Amino acid sequence: MMRKIKLTRANKSILLKALAPYYYQEKALGHNTEKPGRLILKIDSLPADKKAAFSTEEIRLMRITINRLRNERLGKGQYTDAADDMLLKLF
């Protein structure tokens, strides 16, 4: 099942910031990085303020990585507004 989500420039930026550490962590562990790699390229190639279709699996991966980034920032006492906004779009 595909779901369309409108990504702003800020949404794209926070998604890429969240997905990159996950990609490198999986690569270091020797796991398959094809899916997160494709998702990173897909998000990077999208024009800002346009709707894009994402699969359930892609949305799940985005939700997990955004939530990790949000928790990390909360732990450091940093702002989480961009991550919160993106999480709301994913639910």
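Which helix is Asn11 found in? Asn11 belongs to helix H1, and we will come back to this residue once we have walked through its surroundings. Keep in mind as you look that this is a predicted model.

Let's start with the overall plan. The chain contains 4 helices and 2 strands. If you follow the sequence from its beginning, these elements appear in the order β-α-α-β-α-α. The radius of gyration is 13 Å, close to the 12 Å that the globule rule gives for 91 residues, so the chain is as compact as a globular protein of that length. If you draw a box around the C-alpha atoms along the principal axes, the box comes out at roughly 30 × 30 × 20 Å.

How is the chain packed within that box? Take the contacts between residues with a separation of 6 or more: residues 24 or more positions apart account for 69% of them. Of the 91 residues, 37% count as buried.

Now turn to the inside. The largest nonpolar core has 23 residues, and Phe54, Met62, Ile66 and Met86 have the most contacts within it. At least two residues of this core come from each of these elements: strand S1 (2-7), helix H1 (9-28), helix H2 (34-45), strand S2 (50-55), helix H3 (56-76) and helix H4 (81-90). The biggest contribution is that of H1, which gives 6 residues.

Ile66 is a good place to pause. Setting aside residues up to four places away in sequence, Ile66 touches Ile14, Leu15, Ala18, Ala83, Met86, Leu87 and Leu90. Try finding these partners in the structure above.

Back to our opening residue. Is Asn11 buried or exposed? Asn11 has a relative accessible area of 1%, and buried means under 20%, so Asn11 counts as buried. Beyond its neighbours within four places in sequence, Asn11 is in contact with Lys6, Asp85, Met86 and Lys89. One of these partners, Lys89, lies 78 residues from Asn11 along the chain, yet the C-alpha atoms of the two are separated by 9.4 Å. Met86 is a partner worth noticing too: Met86 touches Asn11, and Met86 is also in contact with Ile66.

Finally, let's look at the outside. The chain exposes about 5,900 Å², and carbon and sulfur atoms supply 54% of that area. As for charge, there are 19 positive and 10 negative side chains, and the centres of these two sets lie 3 Å apart.

Conventions
Residues are numbered from 1 along each chain as its sequence is written. This is a predicted model: local features need pLDDT of at least 70, side-chain atom pairs count only at pLDDT 80 or more; totals for chains, interfaces and linings use all residues. Side-chain values use heavy atoms; hydrogens and water are left out. The radius of gyration is taken over C-alpha atoms; the globule rule is 2.2 Å times the number of residues to the power 0.38. Buried means under 20% relative accessible area, exposed over 50%, partly exposed in between (1.4 Å probe, protein chains only). Contact means heavy atoms within 4.5 Å. Accessible areas come from the Shrake-Rupley method with a 1.4 Å probe; for residues, only the protein chains shown count as cover. Lys and Arg count as positive and Asp and Glu as negative; His and the chain ends are not counted. The place of a charge is taken as NZ of Lys, CZ of Arg, CG of Asp or CD of Glu. A nonpolar core is a set of buried Ala, Val, Leu, Ile, Met, Phe, Trp, Tyr and Cys residues joined through side-chain atoms within 4.5 Å.
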